[in-house]
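Please open the model in your viewer and get ready to select a few residues. We will go from stop to stop, and at each one you will hear what to look for.

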Amino acid sequence: MTPENWRTARVELVPGYSVLKPDGASTADVEAAFAIAGGFLHLRVPGTGTVQVVSAPAVRRVTYADDSNAGRVGQDGQDGQDGREGREGPDSQDGHGGEVGRVGS
């Protein structure tokens, strides 16, 4: 089965799971292209030359840009903005602060 509809995202895995970075080190937090197929997250980590596959229960969070509102007026009245992008806010999962509406750090 070849996955389709690849997107770029920040992927966080639950403790005990990891993928490899280009230098061969393990990480549980990576920016990569991803696709979902058959209950697995397929990851193309830049610089590795491989597709790494993790099971759905290994995934803590996937965060990517929401471009569904592109070109529309958002809640703050600015074209293309959704009224939340760039604002710091609490992360409801673990209490850590997170940046809403952006991919990466």
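This tour of a predicted model goes from a sheet to single residues and back again.

**Stop 1: the sheet.** Start in cartoon view. In what order do the five strands of the open sheet lie? The order is S6-S5-S4-S1-S7, and the pairing is antiparallel. At the edges you will find strand S6 (52-55) and strand S7 (59-63), each of which pairs on one side only. Turn the view a little: neighbouring strands of this sheet are rotated by 45° against each other on average, direction ignored.

**Stop 2: two neighbours.** Now select residues 29-37, which form strand S4, and residues 40-44, which form strand S5. These antiparallel strands are joined by five bridges. For one pair to look at, pick Ala 33, whose bridge partner in S5 is Arg 44.

**Stop 3: a charge over a ring.** Stay with Arg 44 and show its side chain together with Trp 6. The charged end of Arg 44 sits over the ring of Trp 6, 3.7 Å from the ring's centre.

**Stop 4: the aromatic pair.** A search of the whole structure turns up one aromatic pair. Select Phe 34 and Tyr 64: their ring centres are 5.8 Å apart and their planes stand at 40°, so the pair counts as tilted. Phe 34 belongs to strand S4, while Tyr 64 is in the loop between S7 and strand S8 (88-90), so the pair ties together parts that are 30 residues apart in sequence. Are the two partners buried or exposed? Phe 34 is buried, with a relative accessible area of 7%, whereas Tyr 64 is partly exposed, at 37%.

**Stop 5: the core.** Keep Phe 34 selected and add more of the largest nonpolar core, which has twelve residues in all. Among them are Val 11, Leu 13, Val 30, Leu 41, Leu 43 and Val 54. Strand S1 (7-13), S4 and S5 are the elements that give two or more residues to this core.

**Stop 6: around Leu 41.** Next, centre the view on Leu 41, a member of that core. Leaving aside residues up to four places away in sequence, Leu 41 touches several others, including Val 11, Phe 34, Ile 36, Val 54, Val 59 and Val 62.

**Stop 7: Ile 36.** Finish with one of those contacts of Leu 41, Ile 36, which lies in strand S4. Ile 36 is exposed, with a relative accessible area of 61%. To try your distance tool, pick the C-alpha atoms of Ile 36 and Ala 56: they are separated by 8.8 Å, with their positions 20 residues apart along the chain.

Note on methods. Residues are numbered from 1 along each chain as its sequence is written. This is a predicted model: local features need pLDDT of at least 70, side-chain atom pairs count only at pLDDT 80 or more; totals for chains, interfaces and linings use all residues. Side-chain values use heavy atoms; hydrogens and water are left out. Two strands pair if DSSP finds at least two bridges between them. Helices (H or I, at least four residues) and strands (E, at least two) are DSSP runs, numbered from the N terminus. Axes are lines fitted to C-alpha atoms, for helices over the stretch in contact, and angles run from 0 to 180 degrees between N-to-C directions. Rings of Phe, Tyr and Trp (its six-membered ring) pair if their centres lie within 6.5 Å; planes under 30 degrees apart count as stacked, over 60 as edge-to-face and the rest as tilted. Buried means under 20% relative accessible area, exposed over 50%, partly exposed in between (1.4 Å probe, protein chains only). A charge sits over a ring if NZ of Lys or CZ of Arg is within 6 Å of the ring centre and within 35 degrees of the ring normal. A nonpolar core is a set of buried Ala, Val, Leu, Ile, Met, Phe, Trp, Tyr and Cys residues joined through side-chain atoms within 4.5 Å. Contact means heavy atoms within 4.5 Å.
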